[in-house]
Every structure is written in C-alpha cells, then in structure tokens.
Amino acid sequence: MSIATKDQRRAQTAWRLVNLRGQADGVTYRALSKGFPALVHACGVCQALSFAAAKPRYRGYLEDLAQVVGAASVCELLQKGREAALADYLQLTREVMRAAMWLARYAEALHGGGD
C-alpha cells in the first residue's frame, strides 16, 4: 500500500482529466489553463471563479478544477470561495493555484503546440 501526497493526488487527477480532453478542445483548454492562475493572482480566487463561471468556454475547465481541488461540483467550489473565513479563503486560494498549476502543466504537455 502506497501513500500519496496531496500534490501527487492532484497531479493524478489533473492528468486523468486533461487526458480526456480532445485535441480540438485542448487548444482552448490550454489557453484557459495558462491564463487562469494570473486571473486568481490579480483578482482573488472568489472573483476569478465567479468570472470564469459566467463564461461558457470556462465550463469544462472549472469542472476539472473543482475535481482536482476536491470539491463535489463547481457550485460547491464557488460557494466555498464566497463564504470562507479569511484563513479558509487563503487555504482555498493555495489549493486552487496548485490545482490550476497541474492542469496548466498537463494541458501544455498533452495539447501543446509542439514547440
């Protein structure tokens, strides 16, 4: 029996989810995954999640992000962002950034332009 770290579990989940994306879907997904961490950094996790939830093109990305973070759904992730106390909000921000990092890495690796 092996024990996986949180980061290993995030990486495994992100790999599985990004790998399911088709190549046509992957190009848009890659662009979204590269830009989302900057959005979180600039606006904060609550505003970034709310902005992304309002855009249909972010739907698949947010579903994957929620799974990597460990939320049951995008709605639950949004609720956590809105209602979290300060310490929990900061922890959620770290979790979202780590999950977004793995999604971006694998999107680039699997759907990169071949550079």
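Which residues does Arg10 touch, leaving aside those up to four places away in sequence? In this predicted model, the list runs to Val68, Glu95, Arg98, Ala99 and Trp102. Arg10 itself sits in helix α1, which spans residues 6-20. One of its partners, Trp102, is 92 residues away along the chain, yet the C-alpha atoms of Arg10 and Trp102 are just 7.2 Å apart. There is also a link to Asp7: the side chains of Arg10 and Asp7 make a polar contact of 2.9 Å. And is Arg10 buried or exposed? Its relative accessible area comes to 7%, and since anything under 20% counts as buried, Arg10 is buried.

Now for the chain as a whole. It has six helices and zero strands, so reading from the N terminus gives α-α-α-α-α-α. The radius of gyration is 14 Å, close to the 13 Å that the globule rule gives for 115 residues, so the chain is as compact as a globular protein of that length. Along the principal axes, the C-alpha atoms fill a box of roughly 40 × 40 × 20 Å.

What about contacts and surface? Taking contacts between residues at least 6 apart in sequence, 74% of them join residues at least 24 apart. Of the 115 residues, 38% count as buried. The accessible surface adds up to about 6700 Å², and carbon and sulfur atoms account for 55% of that. As for charges, the chain carries 15 positive and 10 negative ones, and the mean positions of the two sets are 1 Å apart.

Note on methods: Residues numbered from 1 in each chain as written. Predicted model: local features only at pLDDT ≥ 70, side-chain atom pairs only at ≥ 80, totals over all residues. Heavy atoms only, no water. Helix = DSSP H or I, 4+ residues; strand = E, 2+ residues; numbered from the N terminus. Buried < 20%, exposed > 50% of the residue type's maximum accessible area, 1.4 Å probe, protein only. Contact = heavy atoms within 4.5 Å. Polar contact = N/O pair within 3.5 Å; in protein donor to acceptor, adjacent residues only side chain to side chain. Rg over C-alpha atoms; globule rule 2.2 N^0.38 Å. Areas by Shrake-Rupley, 256 points an atom, 1.4 Å probe, with all protein chains shown as cover. Lys, Arg positive; Asp, Glu negative; His and termini not counted. Charge placed at Lys NZ, Arg CZ, Asp CG, Glu CD.
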